[in-house]
Amino acid sequence: MIDLHCHILPGVDDGADCLATSLNMARMAWAQGTDLIVATPHCCRPDQSQRLSPAALADRLEALNRALRDDGSRLKVLPGMEVFATPELPTLLDRGELASLAGSRYLLVEFFFPEAVDFMEFTFSTVVEHGLVPVVAHPERYAAVQANPELAADWFRRGVIVQLNKGSVLGQLGSGAKKTAWWLLRHGFAHVIASDAHTAFFRNSGLAHVRETVSNELSWRYAQILLEENPRCIVQDLQVIPVEEG
């Protein structure tokens, strides 16, 4: 499997607090069948104490991959960001200060949970105007989507990549997120499931349980698309596999 959304890079955000935590997250991911992770540290969040450039993050990523090799791990970590959408987004894109997922055309973006729909639409349009494809992080957690899941379905139809969180699917992030995630899954309006892992404990990097759950409740083929094939298409900068409405 490939995990497209994971806060495994140590000491840069509210994810892994140190290298030891990163290594534990990597061991868990590998043990449960993940062989590739995209590191997606937060970028532009209002509560961030530091904002590192893609170059600075690349240095830390190189150090993490070196530590993984020293640890005997065959798991590889690629660069990325989880970009918090603010009015500053167009300027940051113009300046080339944001990192896409594994250097592809796909950019992971997140919002305030109560964000207005108009600003979400503005964000997606801005990303597209800059020649990129928006990947919306955990839409099932946003109030507007929980109130009207058809909103995310419309984004899906228009080419926005819909990334659900493992924790939402498994009911670990509240009943609203779980209900909305399963509505999107059952109607075929999801492209990817990722861990959004922050630690080696709660919200961890293991994906085996969610793969088994989706396989049992829906189909093995759908789980394969969500956790293997579409993530691989994204890191290889290819077109994702559409899933028809069920």
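1. Let's start with strand β2. Its residues L36 and V38 point one way, I37 and A39 point the other way, and all of them are buried. If you're new to strands, here is the background: in a regular strand the side chains alternate between the two faces of the sheet. One thing to keep in mind as you read on is that this is a predicted model.

2. Who sits beside β2? Strand β2 covers residues 36-39 and runs parallel to β1, with three bridges joining the two. You can find individual partners on screen: D3 has I37 of β2 as its bridge partner, and C6 has A39. As for what holds such neighbours together, strands of a sheet pair through backbone hydrogen bonds, either parallel or antiparallel.

3. Now zoom out to the sheet that β2 belongs to. It is an open sheet of three strands in the order β1-β2-β4, and the pairing is parallel. Its edge strands are β1 (2-6) and β4 (76-78), each of which pairs on one side only. Neighbouring strands here are turned by 25° against each other on average, direction ignored. Helix α10 packs on this sheet, where α10 touches β1, β2 and β4, and the direction of α10 makes about 70° with that of β1.

4. There is also a sheet of six strands. This one is open too, has parallel pairing, and follows the order β3-β5-β6-β7-β8-β9. Which strands stand at its edges? They are β3 (42-43) and β9 (192-194); each has a single partner strand, so one side of each is left without a neighbour in the sheet. The pairing of β3 with strand β5 (residues 82-84) is in the parallel sense and uses two bridges. For a residue pair to look up, try C43, whose bridge partner in β5 is V83. Helix α10 turns up again here: α10 packs on this sheet, touching β6 (106-110), β8 (161-165) and β9, with its direction at about 100° to that of β9.

5. So α10 deserves a point of its own. Does its length fit its residue count, and what should the span be? The helix has 16 residues (residues 220-235), which at 1.5 Å a residue should span 22 Å, and the end C-alpha atoms are 22 Å apart, so the two agree. (If you try the sum yourself, multiply by one less than the number of residues.) Don't picture a ruler-straight rod, though: α10 has a kink of about 40°, centred on L226.

6. Staying with α10, where are its buried residues? Among them are Y222, A223, Q224, I225, L226 and L227, and further along N230, P231, C233, I234 and V235. Notice that L226, the centre of the kink, is on that buried list. After the helix comes D237, which has a positive phi, near 60°.

7. Next, compare three single residues, beginning with P134 in strand β7 (residues 133-137). P134 has a relative accessible area of 1%, and because anything under 20% counts as buried, P134 is buried. Leaving out residues up to four places away in sequence, P134 touches L107, F124, V127, V128, V160 and I161. S100 is 34 residues from P134 along the chain, and their C-alpha atoms are separated by 9.6 Å.

8. T91 is in helix α3 (residues 89-95). Its relative accessibility is 34%, so T91 counts as partly exposed. The C-alpha atoms of T91 and P41 are separated by 19 Å, and these two residues are 50 residues apart along the chain.

9. A147 belongs to helix α5 (residues 143-147). Is A147 buried or exposed? At 68% relative accessibility, A147 counts as exposed. From C-alpha to C-alpha, A147 and T180 are 8.8 Å apart in space, while in sequence they are 33 residues apart.

10. Finally, the whole chain. There are 10 helices and nine strands. The radius of gyration is 17 Å, close to the 18 Å that the globule rule gives for 246 residues, so the chain is as compact as a globular protein of that length. The C-alpha trace spans about 45 × 45 × 30 Å along its principal axes. Buried residues account for 56% of the 246. Of the contacts between residues at least 6 apart in sequence, 75% join residues at least 24 apart.

Definitions and conventions
Residues numbered from 1 in each chain as written. Predicted model: local features only at pLDDT ≥ 70, side-chain atom pairs only at ≥ 80, totals over all residues. Heavy atoms only, no water. Helix = DSSP H or I, 4+ residues; strand = E, 2+ residues; numbered from the N terminus. Bend = angle between axes of the 7 residues up to and from the residue. Buried < 20%, exposed > 50% of the residue type's maximum accessible area, 1.4 Å probe, protein only. Pairing = 2+ DSSP bridges. Axes fitted to C-alpha atoms, helices over the stretch in contact; angles between N-to-C directions. Contact = heavy atoms within 4.5 Å. Rg over C-alpha atoms; globule rule 2.2 N^0.38 Å.
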